[in-house]
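Let's take a look around this structure together, starting where the chains meet and then moving on to charged pairs.

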There are 2 protein chains.
Amino acid sequence: MTPDAFLADFHAVARIGATPAGGVDRQAATPADRETREWFAAFAARRGWETRVDGIGNQFALVELVPGAPYVLLGSHLDSQPLGGRFDGAYGVIAALHAAERIAARVSGADAPADGPVYNLAVVNWFNEEGGRFAPSIMGSSVFAGIKDEAAMLDVRDLEGTSVREALSAIGYLGADERPAIAAYAEIHIEQGRLLERDGLPIGAVDRSWYTQKLDIEVLGEQSHTGATAMADRHDALLGAAQVITRVHEVTELFPPETLVSSVGQLTLEPNSPIVVARRVRLVADLRADDAAVVLEARDRLLRDIAEIADAYGLTITARDFDVRDNQHYPESGLALAEEAAAHLGLGARRIRTMAGHDSVAMNRIAPTVMLFIPSVDGVSHCEREYTSDADMVAGVEMLAEVGWRLVHGALQPETAPAPELAANA
Amino acid sequence: MTPDAFLADFHAVARIGATPAGGVDRQAATPADRETREWFAAFAARRGWETRVDGIGNQFALVELVPGAPYVLLGSHLDSQPLGGRFDGAYGVIAALHAAERIAARVSGADAPADGPVYNLAVVNWFNEEGGRFAPSIMGSSVFAGIKDEAAMLDVRDLEGTSVREALSAIGYLGADERPAIAAYAEIHIEQGRLLERDGLPIGAVDRSWYTQKLDIEVLGEQSHTGATAMADRHDALLGAAQVITRVHEVTELFPPETLVSSVGQLTLEPNSPIVVARRVRLVADLRADDAAVVLEARDRLLRDIAEIADAYGLTITARDFDVRDNQHYPESGLALAEEAAAHLGLGARRIRTMAGHDSVAMNRIAPTVMLFIPSVDGVSHCEREYTSDADMVAGVEMLAEVGWRLVHGALQPETAPAPELAANA
């Protein structure tokens, strides 16, 4: 791995599904998603690495270092939001490929330590982290981790009625390969917040994720003519939905600033005709806070608000809890490893929380996991103006290669303490 | 025409595109719309009537009574709203077919008056009256009347990007036949209001239409991550749209009850992902009142509200006037003709206004026009529970046949006074 080779690859992948304003549109299991997968497979093939695709479309490139040993997985996701940014996810996969190449070269290099690696290495491109087309998000890694059922996820449908199974088949990525046994996991991602930028630090070591949940809300009214129905006779589902959207926003104001974030990002309207009062609206509210109690208090308040709205507007409104995610604490040993690796490389680092979900949240349930951040300019993400500098990206690849190197040497074996001599040799 | 034959046909057509709750889903230029057109053509063919399809998909069945003369058109539309009712539009076309059959039989019957008809007769199924799939509504009759440009209408696209031209070609109904020259027009339709039901009257003679307009509103924010974006940094287009929807409703409360009706029935959201703050919302507001000044005052108030919302939520919101329709006054001579015909048949009638638009509004611009209503139970329409009794439908067919009879005999020739002897003979 050289910085130039990494940057050339990063900017090449950013051209797949590129949008005019500098973003990408590569939703899960679309033709653009297939193109990035073919790029990933070609990268591995040129280096003689075996590739596999599992039954939920996760794509692996295997770097054999220790025949028969389990794998340290490095990765993230190549799918994007509709009109998403070119860094979110893709950076982590491309960084992992280049970090893996560097680790493999070090293992076979002249100054390799006498004690060789104890694990194999694999790079992974998880299926449908974004969840923009198929809900829930973090789908492929959650199936890998056994948190979600594979068959149920294959049956999930997008708004056009296409199932995950059909969409993966259509792009040729509904696989059946054996999943690699996991020994440890590391992922690097843009922060999607402003803390590293504010503190002028290149690396964040993620200590825990926020508590998050969604509410799947259905508003049922009665279809009628916009022109010929008296206002008093209407049961307007969109008018009720507008009140729900407003309350989902206002509930954040009951807590100190930035304690709770919430919003409605998805809404479908039936029949969606300019001259018909809406019969049915379905919408998804997203609630997140570091403190679970804050989310639960906001949820209870919203359920009371929703009952009031239904009553006031003559509607039936139901709300169902969905995609509830507890705080996930990343292991202290992994945080210490990341901090040692950063110090060894001379990179400033701090501990940091993630408000967004990541594939590492799923992996952290089943294997020792290290989650790393690099800075995001203005903290923006899921949009075309998402931006991280080349220098910050290159520092992150070095950091991931160092962490991966330590992991394949067994630094996070759950049953033993980290081996300090590896840090000295690294 | 017998009542039984009419009712058998009406209920047969109601099975085309039927929905489980008793409605129909036959949006313009869909396969279900084609099926009703084929039914219409077969009805005409069995009677030896010529059928034509013009360049905007209007379908005509010509009943030749006076070779070379212009035509009295009777008709309405067979398309429906998504999950619409089985009466709106379809009743008027099927009533017109049966009325035409009765008029043709009377003309050639033994007790036909010495002075025969002066006009030919045609039944018309107008293209896309509903406007649910392709805006604006009242499309086919507006092109016929020269109010809308045919080429521009053929380029209109639905939300999936399909043009009117493509959709009509796909169902085989992009015609090129000559349009019949029009002498007069009559249409019968369900009221879509409660007045006839309240007054216990079977027939309404429409004296004028409400003033209506739409606002095409675009709300532009900035796409961002629902989880990782601070509330203060968001520019949430859907939150802004929710405020607009609320204001469009509340503006009606500034006027006496039922003076103004308004609503938002159509909304598209981008990117419509559960974990992305919306970038863009487009919505259509519909404003209607008998008094144009009320609509204009409400519109101005909404434009001020929209500017406030844009400012308060950090959004760019534009609103464009669209589909503005002045009050249309139906001719006094046509109202008198309808009242005489109803009295002749022993049917109670009253004058009435229409809040909804109709194809007759377009025809009234170019030819003497009579617009008739029959009762709607509970006044509901554009929904599956739309309902009118068989007896009311049958009375309406008799009424339309009587009005059509008088029209083909020149009762509404614009240049001459109605011929009183025809009324005596009818």
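Which residue forms a salt bridge with Asp233(A)? The partner is Arg194(B), and the closest N and O atoms of the two are 2.9 Å apart. Keep in mind that this is a predicted model.

## Where the chains meet

That pair sits in a wider interface. Across the boundary of chain A and chain B there are 4 salt bridges, along with 32 residue pairs in polar contact. On the side of chain A that touches chain B, the elements giving two or more residues include helix H8 (237-250) and strand S11 (280-289). Strand S9(A) gives the most, with 10 residues. Sorted by character, the residues on this side of chain A come out as 25 nonpolar, 26 polar and 12 charged.

The size of an interface is often given as the accessible area lost when the parts come together. Here the area buried between chain A and chain B is about 5300 Å², with carbon and sulfur atoms giving 56% of that. In chain A, Met231(A), Pro274(A) and Ile275(A) lose the most area to chain B, together 12% of what that side buries. As for contacts, 63 residues of chain A touch 63 residues of chain B.

## Salt bridges within a chain

Counted over all chains, the salt bridges come to 68. One of them joins Asp207(A) and Arg353(A), at 3.8 Å from N to O. Asp207(A) is in strand S6 and Arg353(A) is in strand S13, so the pair ties together parts of chain A that are 146 residues apart in sequence. Asp207(A) is buried, at 18% relative accessible area, whereas Arg353(A) is partly exposed at 37%. Chain A also has a network of salt bridges linking Arg106(A), Glu340(A), Glu402(A) and Arg406(A).

Over in chain B, Glu101(B) and Arg47(B) meet in a salt bridge at 2.9 Å. Glu101(B) belongs to helix H3, while Arg47(B) is in the loop between helix H2 and strand S1, 54 residues apart. Another chain B pair is Arg179(B) with Glu150(B), whose closest N and O atoms are 2.5 Å apart.

## A buried arginine without a partner

Where is Arg86(B)? Look in the loop between strand S3 (71-76) and helix H3 (90-107) of chain B. Arg86(B) is buried but has no salt bridge, and the nearest side chain of opposite charge, Asp390(B), is 7.0 Å away. That misses the 4 Å limit for a salt bridge.

What does lie by Arg86(B) is the backbone oxygen of Gly22(B), 3.0 Å from a polar atom of the arginine's side chain. Its contacts beyond its sequence neighbours include Phe10(B), Val24(B) and Tyr387(B).

Conventions. Residues are numbered from 1 along each chain as its sequence is written. Chains are lettered from A and ligands numbered from 1 in the order in which they are written. This is a predicted model: local features need pLDDT of at least 70, side-chain atom pairs count only at pLDDT 80 or more; totals for chains, interfaces and linings use all residues. Side-chain values use heavy atoms; hydrogens and water are left out. Helices (H or I, at least four residues) and strands (E, at least two) are DSSP runs, numbered from the N terminus. Buried means under 20% relative accessible area, exposed over 50%, partly exposed in between (1.4 Å probe, protein chains only). Lys and Arg count as positive and Asp and Glu as negative; His and the chain ends are not counted. A polar contact is a pair of N or O atoms within 3.5 Å; within protein, one must be able to donate a hydrogen and the other to accept it, and residues adjacent in sequence count only if both atoms are side-chain atoms. Contact means heavy atoms within 4.5 Å. Buried area is the accessible area (1.4 Å probe) that two parts lose on being put together, summed over both. Ala, Val, Leu, Ile, Met, Phe, Trp, Tyr, Cys and Pro count as nonpolar, Asp, Glu, Lys and Arg as charged, and the others, Gly among them, as polar. Lists of a residue's contacts leave out its neighbours within four places in sequence.
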